[in-house]
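This report looks at how a protein and its DNA meet in one structural model. The sequence and the coordinates are shown first, and the description follows.

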2 protein chains.
Amino acid sequence: MVRVRMADVAARAGVSTATVSMVLNGVNSTRISPQTQQRVREAAEAVGYKPNSVARSLRTQQTRMVGLISDTIATTPFAGRMLAGANDVAREQGHLVILVDTERDAVAERQALHALNGQRVDAIIYACMWHRVVEVPEGLPEDAVLLDCVAPAGGRAAVVPDERAGGMAAVRELVAAGHRRIAFLDAEERFDLVASRLRFEGYLEVLAEAGIEPDPALHVRAEPVASGGREAARRLLSLPVERRPTAMFCFNDRMAMGAYTAALHCGLSVPRDLSVVGYDDQQLVAAELDPPLTTVALPHYEMGRWAMEVALGLRQADPEVPHLMPCPIVRRASVSPPPAQFGD
Amino acid sequence: MVRVRMADVAARAGVSTATVSMVLNGVNSTRISPQTQQRVREAAEAVGYKPNSVARSLRTQQTRMVGLISDTIATTPFAGRMLAGANDVAREQGHLVILVDTERDAVAERQALHALNGQRVDAIIYACMWHRVVEVPEGLPEDAVLLDCVAPAGGRAAVVPDERAGGMAAVRELVAAGHRRIAFLDAEERFDLVASRLRFEGYLEVLAEAGIEPDPALHVRAEPVASGGREAARRLLSLPVERRPTAMFCFNDRMAMGAYTAALHCGLSVPRDLSVVGYDDQQLVAAELDPPLTTVALPHYEMGRWAMEVALGLRQADPEVPHLMPCPIVRRASVSPPPAQFGD
DNA sequence: CCCGGCTGTTTAATCGATTAACTGGAGGTT
DNA sequence: AACCTCCAGTTAATCGATTAAACAGCCGGG
């Protein structure tokens, strides 16, 4: 791999490097005669010239690289889509992304920030794998964009899923099918999930909208994994039939998976005897379940795109209010009208 | 954010930039008096000097960045662990990784290679999300490392999972529990998976080892997703009892998930009536199933580490033979001895 | 008293581009 | 003839580091 410099192109074309630079970058192109341009381009081709971005970056003071700091974004399944979204925009704009995974370690975050600063990246995105309120690391530039998290103090561009609207969409789906006894299988409070609170708000809002009195017994909490969902669902399904829910809105798809298991164990069939709606739209769970799960999708890809667009200045963001990205409902086959005796 | 240059440090310390450079890099440090060193360091601290890696890279001809090109690595759940492994090594070595997701698009790959070359990355890793034989893109440097794939022509450092040994481990687990009628729920051939062939080899090898005559009826193929596994398992479980398998080794965890469902539908309990072993160790599937699934883990993290270690020259690789990374078995609760009437 | 060697630091070249300022000559004007 | 305007480039400074080579003092030896 020989090093070909701009000077080599210039020598071969019999011009100065300034001319080569102008031609190849299309700057001031009116000032260079077409013949010369042609010669330069041929020379560049002939010697196999590839511009050195390091040198260019030094001179122009922009690197066309953006740093993406994340707590374990890469190691968690769904959040990869955020990366894909960010990456796509970056590519469209001729930028590269440097990914740093800090595993939530303050020291690693410090280091990452240092390294990215040293590389003089053009922008920084700070991403979380869950919707969270984060104490951003000291030294994070003012104009860094927060992805799937918000700063407690505000004042920073940020994008998060519209969990409240998502919760509403999920419950509306069930109400529309005719359900009135709708449980919410929530995550335990100790996980301190922003999403939990907001989805619950959405749940209550739609019940109110539909004139349904919320039954506290139907709001249960468990660890947000399959076994948690299973146990919670089991308890609900063992209620006397008139107090039993005909539908469950689950905090996430894994809990919904547990609800399926519980239903099966109770000899109930989904969706005939029990309708279920999940949240997250995790491919490996929602789509693979039997029957496929109706769920609310987390707009990771879109949030990734949004963050990168803001980072690159393609789009303006209001630093005072986090941008709420819609969570579309994904209809599959786990919702149907309630059994006849419960119908309205 | 003011720009502090080395010259500013030099001015404040009353020395030349050469001295500052030597002190801060610890080069020739015996030649600089302790007092001066002290003064330089204080000055650097006082003005908040942060070295500019772009300038350094230009001069030293190394960027301390490595490019990681992948087909959809980020968008697929398990492969994120490869990234984590690579990232960890990079960080330990003071390197940064530039991630490019090409979605298997040849044009995107070309572009990515161009961009990374332009950035003068110190090394390149080419990663796949599945174990595959790939036609590497033209222009991929000789010393690029292949991750989870091999080139048909060979001649390149590469690391892949040891699928054959993994298959052996899985089947040994079942044989050790006393099973003799062990099915292999394989992926369909049209998916053309290297893994499929190798795991099957491992399966046959262990049967031979145990003196079990392989029954062709127990080697079935289906789409490697839950529904495929469910149907395949259903067919096997509807065989007359003496020809029915007492255990299933599934090509992946999703198929195993399907096998669980089929067993449930047939009124069989896992592992009492049917033992199941999966492959991949996908957290969201294997660990969440009821009972938790015994499976073979794909060593993504370790492969990621290996690739980065080779890329950074920390470890030598034989370009003629791909490195085989062991796939450890993960024991959970889906294997038990066969029902009494089948015992040995 | 001059020379050589050592110490501690500086000078200046260099990495490979970008770009503001300049130039030499052709052509046009008055 | 003197002067101006374009044209088609070129010159040289610059980005911010690294590093080989040079250099200024000082000490000791002959």
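In this predicted model, the atoms of DNA strand D that come within 4 Å of the protein are 59% sugar or phosphate, while the remainder belong to bases. DNA strand D is surrounded by 26 residues, of which A:Thr19, A:Arg31, B:Met6, B:Tyr49 and B:Arg59 are the closest.

The surface near DNA strand D draws on both chains, in that α2 (17–25) and α4 (53–60) of chain A, and likewise α2 (17–25) and α4 (53–60) of chain B, each contribute at least two residues. The element that gives the most to this surface near DNA strand D is α4(B), which supplies five residues. Sorted by class, the residues of the surface near DNA strand D comprise ten nonpolar, nine polar and seven charged ones.

For DNA strand C, the surroundings consist of 27 residues, and those that come nearest are A:Met6, A:Ser21, A:Tyr49, A:Arg59 and B:Thr36. Of the atoms of DNA strand C that come within 4 Å of the protein, 59% are accounted for by sugar and phosphate. The helices α2 and α4 of chain A and α2 and α4 of chain B each supply at least two residues of the surface near DNA strand C, and α4(A), with four residues, gives the most to that surface. The class composition of the surface near DNA strand C is nine nonpolar, eleven polar and seven charged residues.

Individual polar contacts with the two strands are listed below, with the atoms involved on each side.

| Protein residue and atom | DNA strand and atom | Distance |
|---|---|---|
| A:Ser33, backbone N or O | strand D, phosphate oxygen | 2.7 Å |
| B:Asn52, backbone N or O | strand D, phosphate oxygen | 2.9 Å |
| B:Ala55, polar backbone atom | strand D, base nitrogen | 3.3 Å |
| B:Ser16, polar backbone atom | strand C, phosphate oxygen | 2.8 Å |
| A:Ala55, polar backbone atom | strand C, base nitrogen | 3.3 Å |
| B:Arg59, side-chain N or O | strand C, base oxygen | 3.0 Å |

Read strand by strand, the table shows that DNA strand D is approached at a phosphate oxygen by backbone atoms of A:Ser33 and of B:Asn52, whereas a base nitrogen of DNA strand D lies 3.3 Å from a polar backbone atom of B:Ala55. On DNA strand C, a polar backbone atom of B:Ser16 lies 2.8 Å from a phosphate oxygen, and a base nitrogen is 3.3 Å from a polar backbone atom of A:Ala55. The side chain of B:Arg59 places an N or O atom 3.0 Å from a base oxygen of DNA strand C, and B:Arg59 is also listed among the closest residues to DNA strand D.

Note on methods
Residues numbered from 1 in each chain as written. Chains lettered and ligands numbered in written order. Predicted model: local features only at pLDDT ≥ 70, side-chain atom pairs only at ≥ 80, totals over all residues. Heavy atoms only, no water. Near = heavy atom within 4 Å. Polar contact = N/O pair within 3.5 Å; in protein donor to acceptor, adjacent residues only side chain to side chain. Nonpolar A, V, L, I, M, F, W, Y, C, P; charged D, E, K, R; others polar.
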